[in-house]
Amino acid sequence: GMTIVEAGAFSAPSIAQRGGGVGATALLNEASGASIGAEFAERVHDVEALCDFVEKRLGDRPGLLRVGERAKQRALAWDEKANADAVSQALRAAVRAFRHKTALGNRMWRLPDPAAVTQLQPLWRDATIGIWVGGDWVVVQHADACGSVPSVGNSPEWRLGSGGSGQSRKRKAHADVDCGNAEVTTQMVVVTAHNPMGAMCDASVNDLHASALATEIRGMQEEGLVSFVFPCVSVDAAGGAQVWCEPGLAVTLFDELPNQNQALTRVMRLARKFGQAAVYLLSGDANGKWHLAVKPCFPTLGGLAVENVPLVTREPPRNMPTDPTDARCFWNGGESLVGL
């Protein structure tokens, strides 16, 4: 990734894959005009289209000069002083986090050991998840865990299909998603920033982390990496929020496979940043069947992983939050909320 920074220092523009996979684009990003964004993955099997794309950009001489000049400005601005300042800020943030145990940079959590992972896996698999769609909670759970048989009547497709529109749409099947033989129509990633690695935090700390997560997801939405975003909660299957309530966000992925992979990777990195062991991936297919997968965020937590868990909608448990604000969800329509 440093190659494009070195090239930029000499006013040479670069074409880079979008989505954050190229680390150097954090400095020479497309939004600042310091690089040319591209979706190479979409053209990997169409060499002619890829050549046309590059040829078109190479033919825009004024555009190349503008990008090259902007790249040079940003590359040369990252000098020894700028690097030292960034390192100093990171070290100061780490010291504050250690002293106060409330800073966003606190990383004092520990990964569960193998025995704990074995105990946690069924809890992750059978979680009761409520997603706020259309002014009400849509509650989904593993069919076996709530004693239901998947059917047309209890399919989440009615409320969650096509990212909450409830309208199934035919989409391209994705080879990396095993949801039976039917085409995948909707994918949602459920992520939280609360209670890293299960360590209970004060409400103020959880609120700080949740607000930061909402800001990060908002940035992904503005970049065009994710579609709809819904407040969600994980609650106790019987006693509801009175027994357990952990809020988060349900992030709908776009149809295109390259964007889906990038977005899922980004969300999982966020989950890891906030000390989460895994995320949920909810997938609906063209037949209206929904499945849950648990995607571990750390290599040593592979024992949490499950795939193809059949999902159904169920009656909400007792004492559900009245709305996302009551659940301390930091997402309200298009705005992230701070300081509830």
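# Notebook: a first look around the fold

I started with how the chain holds together: of the contacts in the protein with a separation of 6 or more, 64% are between residues 24 or more positions apart. Note to self: this is a predicted model.

**Overall tally.** I counted up the secondary structure and got 8 helices and 10 strands. The protein has 340 residues, and 44% of them are buried. I also looked up the surface: about 17,500 Å² is exposed, with carbon and sulfur atoms supplying 55% of that.

**Helix α3.** I went to residues 61-77 next. With 17 residues at 1.5 Å a residue, α3 should span 24 Å, and its end C-alpha atoms are indeed 24 Å apart. Which residues of α3 are buried? I found Gly 63, Leu 64, Val 67, Gly 68, Ala 71 and Ala 75. Those residues sit on the same side of α3, because they cover an arc of only 130° around the axis. I remembered the general rule here: an α-helix has 3.6 residues a turn, so residues three or four places apart point the same way. Then I checked what the buried residues pack against, and wrote down α1 (2-8), β2 (36-38) and α2 (47-59). On the face turned away from the buried side I found the exposed residues Leu 65 and Arg 66.

**Helix α5.** I did the same for residues 114-125. This helix has 12 residues and reaches 17 Å from its first C-alpha to its last, close to the 16 Å expected. Its buried residues are Val 117, Gln 121 and Trp 124. They share one side of α5, because their arc around the axis is only 80°. What covers the buried residues of α5? I noted that the cover includes strands β8 (278-285), β9 (290-296) and β10 (306-313). The face turned away from the buried side carries Ala 115, Thr 118, Gln 119 and Leu 123, which are exposed.

**Val 140.** I picked one residue in a strand to see its surroundings. Val 140 lies in β4, residues 136-142. Is Val 140 buried or exposed? It is buried, with a relative accessible area of 1%. I then looked along the chain: Val 312 is 172 residues away from Val 140, yet their C-alpha atoms are separated by 5.5 Å. Leaving out residues up to four places away in sequence, I listed what Val 140 touches: Ala 127, Thr 128, Ile 129, Pro 156, Leu 160, Leu 311, Val 312 and Thr 313.

**Nonpolar cores.** The largest core has 56 residues. Inside it, the residues with the most contacts are Ile 131, Ile 217, Tyr 280, Leu 282 and Leu 292. I followed up Ile 217. Setting aside neighbours within four places in sequence, Ile 217 is in contact with Val 226, Val 229, Leu 249, Val 251, Val 267, Leu 270 and Trp 331. There is also a second, separate core of 8 residues, and Trp 132, Val 233, Met 320 and Ala 327 are among them.

**Cysteines.** How many disulfides are there? I got 0 disulfides. I looked at Cys 232 to see what goes on there. Its closest cysteine sulfur is in Cys 329, and at 6.3 Å that is too far for a bond, since a disulfide needs the two sulfur atoms within 2.5 Å. Cys 232 counts as buried, at 2% relative accessibility. Cys 329 is buried as well, with a relative accessible area of 2%.

I also stopped at Cys 201, which is in the loop between β5 (184-191) and α7 (203-222). Cys 201 counts as partly exposed, at 25% relative accessibility. Apart from residues up to four places away in sequence, Cys 201 touches Asn 195, Pro 196 and Asn 206.

**Backbone oddments.** Met 197 is also in the loop between β5 and α7. Met 197 is not a glycine, but it has a positive phi of about 50°. I checked its accessibility too: at 18%, Met 197 counts as buried. Where is Asn 319? I found Asn 319 in the segment after β10. Its phi is near 60°, again a positive value in a residue other than glycine. Asn 319 counts as partly exposed, at 41% relative accessibility.

Note on methods:
Residues are numbered from 1 along each chain as its sequence is written. This is a predicted model: local features need pLDDT of at least 70, side-chain atom pairs count only at pLDDT 80 or more; totals for chains, interfaces and linings use all residues. Side-chain values use heavy atoms; hydrogens and water are left out. Helices (H or I, at least four residues) and strands (E, at least two) are DSSP runs, numbered from the N terminus. Buried means under 20% relative accessible area, exposed over 50%, partly exposed in between (1.4 Å probe, protein chains only). Contact means heavy atoms within 4.5 Å. Accessible areas come from the Shrake-Rupley method with a 1.4 Å probe; for residues, only the protein chains shown count as cover. The expected span of a helix is 1.5 Å times one less than its number of residues. The arc is that of the directions from the helix axis to the C-beta atoms. A nonpolar core is a set of buried Ala, Val, Leu, Ile, Met, Phe, Trp, Tyr and Cys residues joined through side-chain atoms within 4.5 Å.
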